[in-house]
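Here is a short tour for the bench. Please have the sequence and the 3D view open as you read.

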Amino acid sequence: MKKAIITTALVLVLVLVAPLTLVITGFATQPRFDETYYGELSRMYRRLKDTEGKKIVLVGNSAVAFGVRSDLLENEFPGYSVVNFGLYAALGTKLMLDLSRPYISEGDIVVVMPEPIEQSMSLYFSAEDAWRAMDGDFSMLSDIASENAAEMTGNFVGYVGEKFGYIRSGEKAPAVGAYSSAAFEDESGADVGYMTYDRPYNVMTGGYDPTMTSDLSTSVIGDGFIDYVNDYAAELKERGAEVYFGFVPMNELMFGEGAEAAASEYYSYLRGALDFDVIGHPTKSMLDCRWFYDNNVHMNSAGMYVFTDLLAEDLKLQLGITTPNAIEIPEMPELPVEDVSSGSNEDADKFTYEVLTDGTGREYVRLTSLTEEGKTMTEITVPSSYDGVPVREFAPEVFAGNTTVSRITLPESIKNIYDRSFDGAVRLTALVFEHDDILGISAGEDFLEGADGCYIYLKEGTSVAGCAGGWEKYQSRVRYY
């Protein structure tokens, strides 16, 4: 309690150095991010604080939000309330650990379930995202770790500026589909603590996101992360809680050859490094792509049943419960038929191609390079198809280092954009998307790295809300046409 008071006081004192108008705008105006995906954090937080009796608390990132139905898990563990405490990976696992730490009690069961990526398996902390999530419920400030107070203070002005922009426009931050607080509500509008938004099937072209792959190497584990999680578990166990480490659902297509061997090594490392028990096994969490939704760790609605069933099975095995699960698994959704876009092929002869087959057996085209003539063009349109096969992506080296091109138009068939695809394209100022919806485009975290003068042009009415990876990083460069 003393630490919480000190941390809160430090943040508030430092913030109050700013002009009073900033403080009023930040703290005394109506929330602007409460309808977004961020907005669900305050409701998760209140549910965790207010739930009486024994709890099963799942701490992690959005794989938990998209993967576990709390109601089904509660049916398997009578006498426990389930608190799904996993949200946006951009918030960081550390924040979720810190916010949950004070509210775990004797008899509770906690499962720490970070996604197998560097951002989640580290002490990464984003004050920018934390402010958005705390907008309207600043009581969470009391549980921010003292080592993150200065960063929170440093990002306060940016948060206020962003919030004021929405206040001035009379709008709230955009919330779309699964990436909204409403995605966790029932038909009456009441928050139920798990995602209810219907995600009928896998929307990823090719069945997976190739910009989000993993080899389950221990290299994804950041410095200090294991020690931090061990300290967290030790504190909770002293209070009489049980703490376990669990695995999130993972699209089997995101792994290369030798995945099972790598998974076993990863599992063995965690069992040796963690001071508390590991439940399940990563190979068990590698599931068919048809159970996933829009990225490699997000389940669709049917997939939630599958993963909740696996998690219940793992917990029961650990706790010595022999009652079989009663969860009815729905039929596996089929992948939708891929739409071959009829975009322009006017510059088709300016590229070289290769035809590949994805993990679902479908053919697609990758552009491999520009021809000599193509390298001289200042404006170029990526073709949508080649011999009737959709052009789904281009290798990073196609445009990287190009010092001539200033405008690139991308057809709807393009679904994947890799990191540093435009690195060194110093004259590139416009990347124009012809897509009606960009949610299905997998963009690497650094896809515009090295093209500092480039802006992203989207169709009017298209939103980047809910888009992960580079879309979030470069949203300030988005313009509309």
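What follows covers a sheet, a helix that lies across part of it, and a pocket.

This is a predicted model, with local features needing pLDDT of at least 70 and side-chain atom pairs counting only at pLDDT 80 or more, while totals for chains, interfaces and linings use all residues. Residues are numbered from 1 along each chain as its sequence is written, and side-chain values use heavy atoms, leaving out hydrogens and water.

**The sheet**

Five strands (DSSP runs of E, at least two residues, numbered from the N terminus) form an open sheet in the order β2-β1-β3-β4-β6, with parallel pairing. Pairing here requires at least two DSSP bridges between two strands. At the edges are β2 (81-86) and β6, each pairing on one side only.

| Pair | Bridges | Example partners |
|---|---|---|
| β1 (55-60) and β2 | six | I56 and V82 |
| β3 (109-113) and β4 (242-245) | four | V112 and F245 |
| β4 and β6 (277-278) | two | Y244 and D277 |

**The helix**

Which helix lies across β1, β3, β4 and β6? Helix α12 (residues 301-319) does, running at about 125° to β3. Helices are DSSP runs of H or I with at least four residues; the angle, on a scale from 0 to 180 degrees between N-to-C directions, uses lines fitted to C-alpha atoms, for helices over the stretch in contact, meaning heavy atoms within 4.5 Å.

**A pocket**

Thirty residues line the second largest pocket, with V203, T205, P336, K415 and G440 nearest its centre.

Conventions
On a 1 Å grid over the protein atoms alone, a cavity is a set of points where a 1.4 Å probe fits but cannot get out, and a pocket is an open set with protein on both sides within 12 Å along at least five of seven lines; lining residues have an atom within 4 Å of a point. Grid points are joined across faces, edges and corners, and a volume is the space filled by probe spheres set on the points.
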